[in-house]
Amino acid sequence: MVVADLNGDGKLDVAVTNYESNSVSVLLGNGDGTFTEALGSPIPVGTAPIAIALGDFTGSGKLSLAIANHGDNNLTLLLGNGDGTFTGAPGSPIPVGKGPAALAVADFNGSGRLGLAVSNSGDFTVSILVQQ
């Protein structure tokens, strides 16, 4: 799960993978310890989503979600609209190694743009996805 302000209201929200239902739920914080499901949530993703990470992958100032789909050997990228809703990125899902299980976000190539490292448990590899 990840926690951040996904809709710009200053309150913490939660996004969590739903392994059994192949989806991601986005829950918007009400500021009092309760949450409301975001419009369009749960969001369908690949098979057996097991890990989730967030970052501003487009440089828009809006947080996006990256989801490792363990059963499909790929990564779903959902671009944040800034209001708690998400849209599938062009080219998503993105193939990675066998059995992706964990994600890390960083600028791996010094480009000033975020990339993703994907730990693939099925073939003991790491996939590095960078932006130019």
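At 39% relative accessibility, V130 counts as partly exposed, and this residue sits in the segment after strand 13. V130 is also part of a nonpolar surface patch, together with F108, V126 and I128. Keep in mind that this is a predicted model. Below is a quick tour of that patch, the nonpolar cores, two residues with polar contacts, and some backbone oddities.

**Nonpolar surface and cores**

- The patch made by F108, V126, I128 and V130 adds up to about 340 Å² of accessible area.
- As background, nonpolar side chains in soluble globular proteins tend to be buried together.
- On the buried side, the largest nonpolar core holds 15 residues, and A15, V26 and L65 have the most contacts inside it.
- Strand 1 (2-4), strand 3 (23-29) and strand 7 (64-69) each give two or more residues to this core, and strand 3 gives the most, with three.
- There's a second, separate core as well: it has twelve residues, including F57, A66, A68 and L75.
- V26 has a long contact list once residues up to four places away in sequence are left out; among its partners are L6, V14, A15, L65, G84 and F86. Polar or charged residues turn up there too, including T36, E37 and S41.

**S23, on strand 3**

- Is S23 buried or exposed? Its relative accessible area is 5%, under the 20% cut-off, so S23 counts as buried.
- S23 belongs to strand 3, and its side chain makes a polar contact of 3.0 Å with the side chain of S21.
- Leaving aside residues up to four places away in sequence, S23 touches V16, T17, N18, P42, I43, P44, V45 and P49.

**D123 and its loop**

- D123 lies in the loop between strand 12 (115-120) and strand 13 (125-129).
- With a relative accessibility of 32%, D123 falls between the 20% and 50% cut-offs, so it is classed as partly exposed.
- Which side chain does the side chain of D123 meet in a polar contact? That partner is T125, at 2.6 Å.
- A polar atom of the D123 side chain is also 3.1 Å from the backbone nitrogen of K98.
- G97 and K98 are the residues D123 touches, if you skip those up to four places away in sequence.
- If you want a sense of scale, D123 and S60 are 63 residues apart in sequence and 34 Å apart in space, C-alpha to C-alpha.

**Backbone oddities**

- For reference, most residues other than glycine have a negative phi, and most peptide bonds are trans.
- S41 and P42 are joined by a cis peptide bond, with omega at about 0 degrees. P42 is in the loop between strand 4 (35-37) and strand 5 (43-44); S41 is one of the residues V26 touches, and P42 is one that S23 touches.
- Another cis peptide bond runs from S92 to P93, with omega near 10 degrees. P93 is in the loop between strand 9 (86-88) and strand 10 (94-95).
- A48 isn't a glycine, yet its phi is positive, near 60 degrees. This residue is in the loop between strand 5 and strand 6 (49-55), and A48 is buried, with a relative accessible area of 9%.
- F124 has a positive phi too, about 55 degrees, again without being a glycine. F124 is in the loop between strand 12 and strand 13, and it is exposed, with a relative accessible area of 77%.

Terms used: Residues are numbered from 1 along each chain as its sequence is written. This is a predicted model: local features need pLDDT of at least 70, side-chain atom pairs count only at pLDDT 80 or more; totals for chains, interfaces and linings use all residues. Side-chain values use heavy atoms; hydrogens and water are left out. Helices (H or I, at least four residues) and strands (E, at least two) are DSSP runs, numbered from the N terminus. Buried means under 20% relative accessible area, exposed over 50%, partly exposed in between (1.4 Å probe, protein chains only). Contact means heavy atoms within 4.5 Å. A polar contact is a pair of N or O atoms within 3.5 Å; within protein, one must be able to donate a hydrogen and the other to accept it, and residues adjacent in sequence count only if both atoms are side-chain atoms. Patches are made of residues with over 30% relative accessible area and no salt bridge: like charges are joined within 9 Å, nonpolar side chains (Val, Leu, Ile, Met, Phe, Trp, Tyr) within 5 Å. Accessible areas come from the Shrake-Rupley method with a 1.4 Å probe; for residues, only the protein chains shown count as cover. A salt bridge is a side-chain nitrogen of Lys or Arg within 4 Å of a carboxyl oxygen of Asp or Glu. A nonpolar core is a set of buried Ala, Val, Leu, Ile, Met, Phe, Trp, Tyr and Cys residues joined through side-chain atoms within 4.5 Å.
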